[in-house]
Amino acid sequence: MKVYIDDIRDPQKYLTPELADGIVWLKEWWEAKKFLIENAPEIEVIHFDHYMDEPTLTGTDLFMMVAGDCMWGDKETWPNVKTIYLHSSDEDTVEELLENYAEPMRKAGVEVINNSQRNNY
């Protein structure tokens with residue numbers, strides 16, 4: 001299963017046809033959190049945006065929920081997640097997450113990719 005978390009951007013317009021094929025688009029932070037928890041074992045790919053519909057909650061919070069389990073929980077909760085894409089108009093946040101978590105996530109079997117594209121905003 002592929003999941004795209006973004007309150008504004010339509011994955012059909014933002015992603016390549018291959019990446020967008022069959023993707024589940026979640027636009028609200030709480031809906032996304034609930035969906036991730038309920039479907040964790042089936043999820044293979046997640047696309048996270050940083051800014052969401054909640055002023056104090058971000059896609060980074062959701063990323064950290066997944067990343068923490070993958071890095072420190074022996075990936076039991078997320079057995080099939082292989083790829084996480086990060087996209088945001090806040091490129092500094094994406095770069096910081098990559099700098100701090102790309103390598104530990106790779107060691108946990110998950111590739112973290114910067115998918116921010118300035119022209120798509």
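Which helix holds both Lys34 and Glu38, and how many residues apart are they? Both sit in helix 3 (residues 29-39), four residues apart, or about one turn of the helix. The views below take that pair and several other spots in turn, and the model behind them is a predicted one.

**View 1. Lys34 and Glu38 pair up along helix 3.** The side chains of these two residues form a salt bridge, with 3.9 Å from N to O. That falls inside the cut-off, since a salt bridge needs a Lys or Arg side-chain nitrogen within 4 Å of an Asp or Glu carboxyl oxygen. Glu38 is exposed, at a relative accessible area of 52%. Exposed here means over 50%, so Glu38 makes the cut.

**View 2. Glu103 and Arg106 make a salt bridge in helix 5.** Here the N to O distance is 2.4 Å. The two residues are three apart in the helix, so about one helical turn separates them. Glu103 comes out as partly exposed, with 39% relative accessibility. In the whole structure there are four salt bridges, and the Lys34 and Glu38 pair is one of them.

**View 3. Arg9 and Asp49 bring distant parts of the chain together.** Their side chains meet in a salt bridge of 3.2 Å, N to O. Arg9 belongs to the loop between strand 1 (2-5) and helix 1 (11-14), while Asp49 is in strand 3 (residues 45-49), and the two are 40 residues apart. Is Asp49 buried or exposed? Asp49 is buried, with a relative accessible area of just 3%. Arg9 counts as buried too, because its 13% relative accessibility is under the 20% limit.

**View 4. Asp90 reaches Tyr51 through a polar contact.** The side chains of Asp90 and Tyr51 are joined at 2.8 Å. Asp90 lies in the loop between strand 4 (83-87) and helix 5. With a relative accessibility of 18%, Asp90 is classed as buried, because the limit for that label is under 20%.

**View 5. Four acidic residues form a negative patch on the surface.** Which residues gather here? They are Asp92, Glu95, Glu96 and Glu99. Asp92 is part of helix 5 (residues 91-107). Asp92 is also exposed, at 63% relative accessible area.

**View 6. Gly22 sits in a loop, with Phe48 as a distance marker.** The loop in question runs between helix 2 (17-20) and strand 2 (24-26). Gly22 is exposed, with 62% relative accessibility. How far apart are the C-alpha atoms of Gly22 and Phe48? They are separated by 16 Å, and the residues are 26 apart along the chain.

**View 7. Pro79 and Ile43, compared in sequence and in space.** Pro79 is located in the loop between helix 4 (59-72) and strand 4. At 38% relative accessibility, Pro79 is partly exposed. Along the sequence, Pro79 and Ile43 are 36 residues apart. In space, 8.3 Å lies between their C-alpha atoms.

Key: Residues numbered from 1 in each chain as written. Predicted model: local features only at pLDDT ≥ 70, side-chain atom pairs only at ≥ 80, totals over all residues. Heavy atoms only, no water. Patch = residues over 30% accessible without salt bridge, like charges linked within 9 Å, V, L, I, M, F, W, Y side chains within 5 Å. Areas by Shrake-Rupley, 256 points an atom, 1.4 Å probe, with all protein chains shown as cover. Lys, Arg positive; Asp, Glu negative; His and termini not counted. Charge placed at Lys NZ, Arg CZ, Asp CG, Glu CD. Buried < 20%, exposed > 50% of the residue type's maximum accessible area, 1.4 Å probe, protein only. Polar contact = N/O pair within 3.5 Å; in protein donor to acceptor, adjacent residues only side chain to side chain.
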